[in-house]
Each structure stands twice: as C-alpha cells, then as structure tokens.
Amino acid sequence: MSFKKTKSYKSFLKSKYSCIKCINYFNIYDELFKKYRNQKIIFVEIGIFSGGSLFMWRDYFGKKARIIGIDLNPESKRFEKYGFEIFIGDQSSDKFWKNFFKKIGKVDIVLDDGGHTNYQQIITTNQCIPMIKDGGKMVVEDVHTSFIKYNWYNPSKYSFINYSKKIIEDINSRFPGLKSFQFSLKKYIYKIDFFESIVSFDINRKLCKKNSFIENNKKNIKPIEYRNFLNKRTILYKLKTFFKLKTNFTYPVFILNAFKLKKYFK
Ligand SMILES: C[S@@+](CC[C@H](N)C(=O)[O-])C[C@H]1O[C@@H](n2cnc3c(N)ncnc32)[C@H](O)[C@@H]1O
C-alpha cells in the first residue's frame with residue numbers, strides 16, 4: 001500500500017506543527033500501532049522538536065490516549081497547553097527514567113525518536129522495557145544510525161543493531177541449556193520485529209516462560225530418524241559405504257555445509 005493511504009500519514013498531514021518522518025515509516029506505524037487506536041493507552045514519544053508528531057499521534061490514537069512527550073529542550077513545555085504531558089530530561093540518564101516511571105507507572109508504547117546515538121538508544125531500551133505493560137511495545141526508530149560513520153561513529157561492536165542481535169540470543173536462551181546473559185531482558189520480550197530503520201520489541205511477560213518439550217502421548221510408529229543420514233550422492237556416503245564405516249559423519253557434514261553457506265553471509 002502506498003504510504004499516502006495509511007492512517008498515520010493522514011494524521012501526519014493534519015498536524016499543525018512541523019514534523020519530519022521517513023516515508024517508509026507510515027506503513028510500519030500502521031502495522032505496529034493499529035490495535036491501539038481509540039484505546040485508553042499511554043503513548044510516550046522521545047523527541048519533540050517542533051511538536052508536529054505530538055499532534056500526529058493525538059489524531060492517530062484518538063482522544064482516549066494519553067500522549068507524553070520527552071525532550072532535552074525545556075521549551076518543549078509549551079505543548080502542555082494543548083493537553084500533552086511533557087517531560088524534560090535526558091533519555092540516556094538512568095535517573096531520568098527512574099523518576100519518570102515513578103511518576104507515570106507502566107506505559108503501553110514507547111517510541112524513541114530522540115538523539116539516535118547507540119548510547120541513547122540502548123539506555124532508553126533497557127530502562128523502558130521493564131516498564132512497558134504486557135501487550136505493549138518498545139519501538140526504536142532511525143536505527144540506520146547503527147551503520148553511519150559520520151556523526152554516529154558506526155559501525156561499532158556496541159551499536160544499537162548489534163545490541164538488538166544480542167537480544168535475539170537473549171530471548172533464545174529461554175530454550176533450556178542455552179547460554180543466559182547477565183544483563184537480560186528475556187522475561188519481558190516475546191517478539192522482535194526488524195524493519196528497515198525501525199526495530200520493535202513486543203512485551204509480554206506471560207508468553208516469556210522457559211521453554212520445554214511436551215508429548216501428546218499418542219501412537220508412536222517409531223520411524224527411523226533420517227536427520228543424520230548422508231545423501232547417497234555425496235562423497236562422504238561413498239567413502240562410508242566403501243570402507244564400511246560406522247561413524248555417522250555429522251561433524252564433517254556440518255563443516256562441509258558451513259563452507260557452502262559462506263556465500264550467504266557475504
Ligand atoms: C528527530 S527530533 C524529534 C522529532 C519529532 N519526534 C517529530 O517527529 O517531529 C529529535 C529530538 O530529540 C531531542 N533529543 C536529542 N537528544 C536527546 C536526549 N538525550 N534526551 C531527550 N531528547 C533528546 C532533540 O532535542 C530533538 O528535539
């Protein structure tokens with residue numbers, strides 16, 4: 001669908017103050033935020049600038065939503081007279097977030113459109129995720145900064161995208177026997193959506209339980225497990241049959257395949 005047909009773009013056009021968003025974001029906003037429209041939610045956006053997005057979100061989510069804006073610039077307080085809640089502070093300060101959530105409590109959506117540095121994005125994500133309600137989302141935009149050298153000093157081992165990849169490992173460690181992280185968010189994050197320039201984390205503590213196997217206890221026909229069988233056309237199979245070897249060759253097959261897979265990582 002053309003972004004011009006999205007609800008969020010229509011709200012963007014209606015805003016009476018200036019707002020700059022990337023055109024690809026509108027379809028993503030509609031996809032991520034559709035279910036929260038006309039609901040009694042608490043929506044937080046970091047980054048107010050000229051105030052345009054506050055009005056856009058008010059129009060998009062409807063009157064029942066509480067729209068909270070956060071910015072470093074104290075002049076952003078001017079938007080309070082329109083019914084927005086404005087907090088002045090630094091998104092990379094743990095202390096700011098502690099005070100913020102002490103006052104507001106848990107929220108439904110946090111959208112980070114603030115300073116976009118690795119440090120700001122990572123501290124914000126870490127501080128906000130535990131304070132998002134089940135069914136809510138942490139959305140970080142402009143994550144292409146993770147790949148930009150000028151001004152953002154990326155790519156770096158400690159970029160936001162690399163941190164998101166660590167979270168992929170983190171949530172997979174709910175599977176028994178896998179490495180757990182000391183600094184983990186696995187009890188909050190149910191799902192991650194990766195888009196161009198946007199990463200979104202779905203929060204749902206109830207769906208983040210440790211994984212385990214379950215059997216339905218129905219008739220088991222005991223089939224042969226073909227997983228480790230060698231393809232008859234491979235050299236390994238020919239060697240194995242020629243020398244009448246008993247080894248199952250799992251590891252050499254893994255090495256061979258890893259070599260063949262190399263091109264997909266280029
Ligand atoms: C991209 S603009 C926000 C634009 C706005 N969301 C819109 O769509 O119209 C970024 C804003 O983030 C604010 N900002 C930058 N660093 C910040 C920080 N560390 N904490 C809070 N706000 C910050 C800037 O003051 C600026 O107003």
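In the predicted model examined here, asparagine 217 is exposed, with a relative accessible area of 65%. This asparagine belongs to the loop that connects β7, residues 198-203, with α7, residues 235-242, and its backbone adopts a positive phi of about 55° although the residue is not a glycine. Most residues other than glycine have a negative phi, and most peptide bonds are trans. A second case of positive phi is provided by lysine 244, likewise not a glycine, for which the angle is about 50°. Lysine 244 is situated in the loop between α7 and α8, the latter helix comprising residues 250-261, and with a relative accessible area of 72% this lysine is classed as exposed, because the value lies over the 50% cut-off for that class.

The backbone also contains a cis peptide bond, which runs from asparagine 154 to proline 155 and has an omega near 0°. Proline 155 is placed in the loop that leads from β5, residues 132-141, to α6, residues 160-172.

The ligand occupies the space of the largest pocket. Its surroundings consist of 17 residues, of which Gly47, Asp71, Asp90, Gln91 and Asp113 are the closest. When this shell is divided by residue class, five members are nonpolar, seven are polar and five are charged. Polar atoms of the protein approach the ligand from both backbone and side chains: a backbone N or O atom of glycine 47 is found 2.8 Å from a ligand nitrogen, while an N or O atom in the side chain of glutamate 45 lies 3.4 Å from a nitrogen atom of the ligand. On the side of the ligand oxygens, a distance of 3.4 Å separates one such atom from an N or O atom in the side chain of lysine 21. Considered alone, the ligand exposes 600 Å², and 83% of that area is buried by the protein.

Glutamate 45 and lysine 21, which both have side-chain atoms at 3.4 Å from ligand atoms, are also linked to one another, in that their side chains make a polar contact at 3.0 Å. Glutamate 45 is part of strand β1, which covers residues 42-46. Its relative accessibility is 0%, and the residue therefore counts as buried, a class that requires a value under 20%. In the assignment of accessibility to residues such as this one, only the protein chains count as cover, so the buried status of glutamate 45 does not rest on the presence of the ligand.

Two further loop positions serve to describe the spatial arrangement of the chain. Lysine 77 is located in the loop between β2, residues 66-71, and β3, residues 85-88, where a relative accessible area of 37% makes this lysine partly exposed. The C-alpha atom of lysine 77 is 7.6 Å from that of phenylalanine 87, a residue 10 positions away along the chain. Arginine 233, by contrast, is located in the loop between β7 and α7, which is also the loop that holds asparagine 217. With a relative accessibility of 70%, arginine 233 counts as exposed. Between arginine 233 and phenylalanine 33, which are 200 residues apart in sequence, the distance from C-alpha to C-alpha amounts to 51 Å.

Conventions:
Residues are numbered from 1 along each chain as its sequence is written. This is a predicted model: local features need pLDDT of at least 70, side-chain atom pairs count only at pLDDT 80 or more; totals for chains, interfaces and linings use all residues. Side-chain values use heavy atoms; hydrogens and water are left out. A residue is near a molecule or strand if one of its heavy atoms lies within 4 Å of it. A polar contact is a pair of N or O atoms within 3.5 Å; within protein, one must be able to donate a hydrogen and the other to accept it, and residues adjacent in sequence count only if both atoms are side-chain atoms. Accessible areas come from the Shrake-Rupley method with a 1.4 Å probe; for residues, only the protein chains shown count as cover. On a 1 Å grid over the protein atoms alone, a cavity is a set of points where a 1.4 Å probe fits but cannot get out, and a pocket is an open set with protein on both sides within 12 Å along at least five of seven lines; lining residues have an atom within 4 Å of a point. A molecule sits in a cavity or pocket if more than half of its atoms lie within 2 Å of its grid points. Ala, Val, Leu, Ile, Met, Phe, Trp, Tyr, Cys and Pro count as nonpolar, Asp, Glu, Lys and Arg as charged, and the others, Gly among them, as polar. Helices (H or I, at least four residues) and strands (E, at least two) are DSSP runs, numbered from the N terminus. Buried means under 20% relative accessible area, exposed over 50%, partly exposed in between (1.4 Å probe, protein chains only).
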